[in-house]
Structures are given as C-alpha cells and as structure tokens.
Amino acid sequence: FTITSPANAVIGRYNLILQVTSGNKIFSRFLGQFVLLFNPWCPGDDVYMANESERQEYVLNENGIIFVGNAKYMEARGWYYGQFQDQLLNICLTMLDLSLYYRQDAAIDVSRRGDPKYVGRVISSMINGNDNDNGVLLGKWQGSFHSHENPSRWDGSVVILQKWRQDNYKPVQYGQCWVFAGVMCTVLRCLGIPTRLVSNFNSAHDVDRNLSIDKYYDSSGKSLNIGKDSTWDYHVWNESWFIRPDLGAAYNGWQVLDATPQEQSK
C-alpha cells in the first residue's frame, strides 16, 4: 500500500501506527517514525520550484559563496551550509520547538508549520538569540571578541549549530549579518525551502522607517549627533522561494527574510 501526504501537510516528525479493526477488537502496532519536509519537487507545495537546476542550487547545494566587504572591494567568502550532515535535521526540528511561538501556544504553532511564510518567520527569529528565545547566535558588532569566536572566523553553519546543541541551546558567541544569513540558509534548505543569500553594498539602515537616511547639521554645517539612521559597508540577508496566496500571484517567488537582529520589523 502507498501513503500519500497532502501537499500542504504540516512538516515535522510523525509517528506511524498500524491499526486493524475486526468486529469489536482493535489491534494497534507502532511501525516507526518518519519526517515530512517541504517539497520543492511537488507542484502542489507552496515551495514548488519548477527548474531542476535551481532546485540543485537552492535546495541541494551544501556549499556556497557569501559576498562581503565594501562597494570598492568585494570579497568572496566560501561557506559550508552542510544541510544534510548528521544530526542537522534533528537540530532544525528542535529549533522549531524551542521558539517563543511554540511556547506560547504549541497547538497553534504546530498547526501552522505547513506554511513556509510562518516557518520562515519562526526560523528568522530563532537564528539570533537577541529575543531571549534560546536563539542560535548572539550578535556583536564592536568591542573585543576575547574569549569567544570572532565572527570573521566562521566558515560554515554545521559547527555553529552543533555547538548550539552541545551547549544546551545557549546562543553561540558571536555572529554578524553574513553568519546569521549562512546559518539561516542551512536551516531552511534542510527543511526543504529553497533559499539563497543576498549581499547589498552601501546598505541603508532606516531606523525610524520613513524610507530615508537622515543626517542633521547645525547652522554652521557641523554634524549633529541626532538620529540613528546609518549606512553600512554591506549587509547580507536571505531570500526563500514560495508562493504568496495571502498577497496574490504577483508576489510569488523570492521572499525576503532577515535574521540579523538590528532593527525589528514591527
């Protein structure tokens, strides 16, 4: 016999139980467990990606390049995603159960895990540990990195995720934007969501959400230390591929997700 799951089924670990009824007698036997993931090969799945070469790159490729530096000197860093390495799937599934969403209402959280929009938001929150939610990485951009790992030393996600688990899900120190993005890519690809990294140079950070970068000067032209808008040399985030039935077909395709805990989206 064949078991076929709905294309929008909730992802996660399932128990498989055989139950036979004969008259008034019921016989049950536990057969084992299986894990259901998003399926970019399935046309009915929200994450369906029609192009096989793109599936090979954005789902199956365990190696990639992250571009960092500045607009005049761009540097290509190798990154090992390692989404199929031993225990990575267990770590990613545990990540969902550690989230604040699950702790607030486990039943509602689990019921929404067939929606890649929702799972993407949960994972983007869990990649950083700045919400007191047992997140994977703690961000730090200035000062000394003494006694902890300098973000520039990381070259892959597997070591970070394994250390997070070994330290009983205490945030690993430290991460910056490309590290958050690299780990996020690993987790989402592991769960079956096609994901890539995007690097942006001269990256605007609009803190007050007025869609401009504001600088203030006094009447003599002296710069005033007012406002917190800034422009970074570069920033790295993720895009994941899925449809948007909530917004309409025009918005299907690559969706922005940013795990760097710098400004909250509100």
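The questions and answers below deal with a predicted model and with how some of its helices pack.

In this predicted model, local features need pLDDT of at least 70 and side-chain atom pairs count only at pLDDT 80 or more, while totals for chains, interfaces and linings use all residues. Residues are numbered from 1 along each chain as its sequence is written, and side-chain values use heavy atoms, with hydrogens and water left out.

Q: What is the mean pLDDT of the protein?
A: The predictor's confidence in each residue is given as pLDDT, on a scale from 0 to 100. Of the protein's residues, 98% reach 70 or more, and the mean pLDDT is 93.

Q: In which element is confidence highest?
A: Helices (H or I, at least four residues) and strands (E, at least two) are DSSP runs, numbered from the N terminus. Confidence is lowest in strand β9 (residues 223–224), at a mean of 87, whereas the highest value, 98, belongs to helix α1 (residues 52–60).

Q: Are α2 and α6 oblique, roughly parallel or roughly perpendicular to each other?
A: Axes are lines fitted to C-alpha atoms, for helices over the stretch in contact, and angles run from 0 to 180 degrees between N-to-C directions. Angles under 35 degrees count as roughly parallel, over 145 as roughly antiparallel, 65 to 115 as roughly perpendicular and the rest as oblique. The axes of helix α2 (residues 88–98) and helix α6 (residues 158–166) come within 11 Å and cross at roughly 55°. The two helices, α2 and α6, are therefore oblique.

Q: How do the residues of the contact of α2 with α5 divide into nonpolar, polar and charged, and what are the counts?
A: Helix α2 and helix α5 (residues 116–127) pack at an angle of about 90°, with their axes 10 Å apart. Through contacts, meaning heavy atoms within 4.5 Å, Met95, Leu96 and Leu98 in α2 meet Val119, Val122, Ile123, Met126 and Ile127 in α5. Ala, Val, Leu, Ile, Met, Phe, Trp, Tyr, Cys and Pro count as nonpolar, Asp, Glu, Lys and Arg as charged, and the others, Gly among them, as polar. The residues of this contact of α2 with α5 divide into no polar, no charged and eight nonpolar.

Q: Which side chain does Arg113 meet in a salt bridge?
A: A salt bridge is a side-chain nitrogen of Lys or Arg within 4 Å of a carboxyl oxygen of Asp or Glu, and the structure holds eight salt bridges. In one of them, at 2.9 Å from N to O, Arg113 meets Asp97. This pair links distant parts of the chain, 16 residues apart, with Arg113 in the loop between α4 (106–111) and α5, and in helix α2 its partner, Asp97.
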